[in-house]
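The following exercises are to be worked with the sequence and the coordinates at hand. Each task is followed by a stepwise solution.

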Amino acid sequence: MSVTTMIKYLICPICSGGLSKTGQTLQCDNRHSYDISREGYINLLLPQHKQSKHPGDSKEMVASRRDFHKTRLYKPLADALSAHLSDQANVLDLGCGEGSYSQWLLDSEPGITYYGVDISQNAIKSAAKRIPNGTFIVASNWRLPVSSKSFDRIISIFAPTQQDQLHRVLKTQGYWINVTPGSQHLIELRHKLFDQTKEIDKQVDYPGWRIISQQHLGFTMNLTKPAITSLIDMTPYIWKAQSTRIKETKALSALSVGVDFQITLRSSTLKV
Ligand SMILES: C[S@@+](CC[C@H](N)C(=O)[O-])C[C@H]1O[C@@H](n2cnc3c(N)ncnc32)[C@H](O)[C@@H]1O
Ligand SMILES: [Zn+2]
């Protein structure tokens, strides 16, 4: 992607001014500057906006997610999302992670302009290294360093979002595509790990949005032993389940697990 396209929708996280490029540095008119990393991503997360030294998914979690996505078992979700992306759309993926969905979306819709944001520098580094035709930014979904009314599609897959920011950056005619786990998501795995499984359906009735469509995407995955391990290690189950249960489940040679994705397409009803 050309640098002009890349920085077109980025803004300075300090003063919200536009950015221009000099060498490997982006700078606003107030001379706040940000380096483009060796891998090609830009860190626009200010230290004062970090809650910890390494916020977001850890290096280990990013590696596990990457390993799991190499199985391509979740690719049907990317295919379902691609159906909602028009050619030439400006797409912002919030909490994009290590970049497997970014890659799948760009492969099936090469005409889109893709921006991936994640608060985890490890995740963004992994994505930027492999995907030259996307723009990857370390930032928080609570303070998006992108200009207002710039995106035709905002995607969030199992990632936290902030309502004011979504409304601010989405174009008036745009859609927010939110993917959340349905009640049956990974239920067999959860039964192995916990005595009682919590209700995990994350459907929320967000005010200020009109639901355009809602789709359940369900299928069964036949997991091999390495896939069981990487799936456990990329979920919060790794902290929540007892270590003995984790060990027992990781020792299984195979496991059939149901996937239950809920895809909700919304348009904003706010006149902002
Ligand atoms: C469950 S993972 C999903 C990653 C990716 N969308 C996928 O499905 O493979 C959630 C992601 O959100 C990121 N995240 C958590 N809090 C965030 C925040 N405040 N702003 C941006 N990203 C955040 C994490 O670092 C992690 O990569
Ligand atoms: Zn500035």
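Two strands pair if DSSP finds at least two bridges between them. Helices (H or I, at least four residues) and strands (E, at least two) are DSSP runs, numbered from the N terminus. The model is predicted: local features need pLDDT of at least 70, side-chain atom pairs count only at pLDDT 80 or more, and totals for chains, interfaces and linings use all residues. Residues are numbered from 1 along each chain as its sequence is written, chains are lettered from A and ligands numbered from 1 in the order in which they are written, and side-chain values use heavy atoms, with hydrogens and water left out.

**Exercise 1. The sheet of 8 strands**

Determine the strand order of the open sheet of 8 strands, and state which strands are at its edges.

Step 1. Reading across the sheet gives β4-β7-β6-β5-β8-β9-β11-β10, and the pairing is mixed.
Step 2. The edge strands are β4 (42-43) and β10 (209-224), each of which pairs on one side only.
Step 3. For a parallel pair, take β5 (residues 90-94) and β6, which are joined by 5 bridges; Leu94 stands opposite Val117 in β6.
Step 4. For an antiparallel pair, take β9 (residues 170-181) and β11, which share 6 bridges. Here Trp176 has Arg266 of β11 as its bridge partner.

**Exercise 2. Burial in β6 and β11**

Establish how many residues of strand β6 (residues 113-118) are buried, and then describe the surroundings of Ser267.

Step 1. Buried means under 20% relative accessible area, exposed over 50%, and partly exposed in between (1.4 Å probe, protein chains only).
Step 2. By this criterion 6 of the 6 residues of β6 are buried.
Step 3. Thr113, Tyr115 and Val117 point one way from the strand, while Tyr114, Gly116 and Asp118 point the other way; all are buried.
Step 4. Ser267 belongs to strand β11 and is buried, at a relative accessible area of 9%.
Step 5. Contact means heavy atoms within 4.5 Å. Beyond its neighbours within four places in sequence, Ser267 is in contact with Gly174, Tyr175, Gly208, Trp209, Arg210 and Ile212.

**Exercise 3. A loop residue**

Is Leu45 buried or exposed? Identify the residues that it touches.

Step 1. Leu45 is found in the loop between β4 and α2 (59-70).
Step 2. Its relative accessibility is 9%, so Leu45 counts as buried.
Step 3. Not counting residues up to four places away in sequence, Leu45 touches Lys50, Pro55, Ile119, Val138, Ala139 and Ser140.
Step 4. Ile11 is 34 residues from Leu45 along the chain, and their C-alpha atoms are separated by 12 Å.

**Exercise 4. The nonpolar cores**

Which members of the largest nonpolar core touch the most other members?

Step 1. A nonpolar core is a set of buried Ala, Val, Leu, Ile, Met, Phe, Trp, Tyr and Cys residues joined through side-chain atoms within 4.5 Å.
Step 2. The largest core has 49 residues, and those touching the most other members are Tyr74, Leu77, Leu81, Phe136, Leu189, Met221 and Leu231.
Step 3. Strand β11 (residues 254-268) gives the most to this core, with 6 residues.
Step 4. Another core, of 29 residues, lies apart from it; Tyr9, Ile42, Leu94 and Trp209 are among its members.
Step 5. Leu231 is in contact with Phe68, Tyr74, Leu186, Leu189, Met221 and Leu223, leaving aside its neighbours within four places in sequence.

**Exercise 5. Two helix pairs**

Classify the packing of α8 with α10 and of α2 with α5.

Step 1. Axes are lines fitted to C-alpha atoms, for helices over the stretch in contact, and angles run from 0 to 180 degrees between N-to-C directions.
Step 2. Angles under 35 degrees count as roughly parallel, over 145 as roughly antiparallel, 65 to 115 as roughly perpendicular and the rest as oblique.
Step 3. The axes of α8 (residues 225-233) and α10 (residues 243-250) come within 9 Å and cross at roughly 150°, which makes α8 roughly antiparallel to α10.
Step 4. In this contact Lys225, Ile228, Thr229, Ile232 and Asp233 of α8 meet Ile246, Thr249 and Lys250 of α10.
Step 5. The axes of α2 and α5 (residues 121-130) come within 8 Å and cross at roughly 40°, which makes α2 oblique to α5.
Step 6. Lys59, Val62 and Arg66 of α2 make the contact with Asn122, Ala123, Ser126 and Arg130 of α5.
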